[in-house]
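Biologist: I've got a new model open and I'd like to go through it slowly. Can you take my questions one by one?

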Amino acid sequence: MPARLTRKIMELKDFNISFVGLKQGKHQFLYEVDNTFFENYGFEDFNSSQLNVEATLDKKSTIMELHLEASGSINVNCDVTNEPFDLDIETEMDVIIKFGPEYNDDNEELLILPHGAYELNISQFVYEMLVLG
């Protein structure tokens, strides 16, 4: 009997960073992103992707700074010839994280988390950075 192939969609909870137990200072998190990540958002413009994302969270006494860097390649169809080709990607993004009475992500460079929050999911930031990159 042949083995069944199962494909695991990269879950968005894989991008949770629990910051409550972290000491002040810089903390690094590494992620490998492929098309399964984009399937969570219904984004199908990439034929394939192989990207490395490095997240650096700098925890300070009253704020946190998140720096995201990504590099790798995506395979897309050419706008002119419609032939697939590999496109190298290098992009980065910075987000300041403060605490306030309620969640607010209206500003793309500032995220306000409610007091008492203990973790941060960075998947939306990663998605936006990669798609816009």
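Biologist: How many bridges join strand β2 to strand β3?

Modeller: This is a predicted model, where local features need pLDDT of at least 70, side-chain atom pairs count only at pLDDT 80 or more, and totals for chains, interfaces and linings use all residues. Residues are numbered from 1 along each chain as its sequence is written, and side-chain values use heavy atoms, with hydrogens and water left out. Strands are DSSP runs of E, at least two residues, helices are runs of H or I, at least four, and both are numbered from the N terminus; two strands pair if DSSP finds at least two bridges between them. β2 (residues 25-34) and β3 (residues 48-59) run antiparallel, and Gly 25 is partnered with Lys 59, while the bridges joining the two strands number 10.

Biologist: And which residue in β4 stands opposite Asn 52?

Modeller: β3 also runs antiparallel to β4 (residues 64-77), with 12 bridges. A hairpin links the two through four residues. Opposite Asn 52 you'll find Ser 71.

Biologist: Cool. Now the largest pocket: which element gives the largest share of its lining?

Modeller: A pocket here is an open set of points on a 1 Å grid over the protein atoms alone, where a 1.4 Å probe fits, with protein on both sides within 12 Å along at least five of seven lines; lining residues have an atom within 4 Å of a point. Residues lining the largest one include Met 93, Tyr 103 and Phe 125. β6 (104-107), β7 (110-114), β8 (119-121) and α2 (123-132) each give two or more residues. The largest share, three residues, comes from α2.
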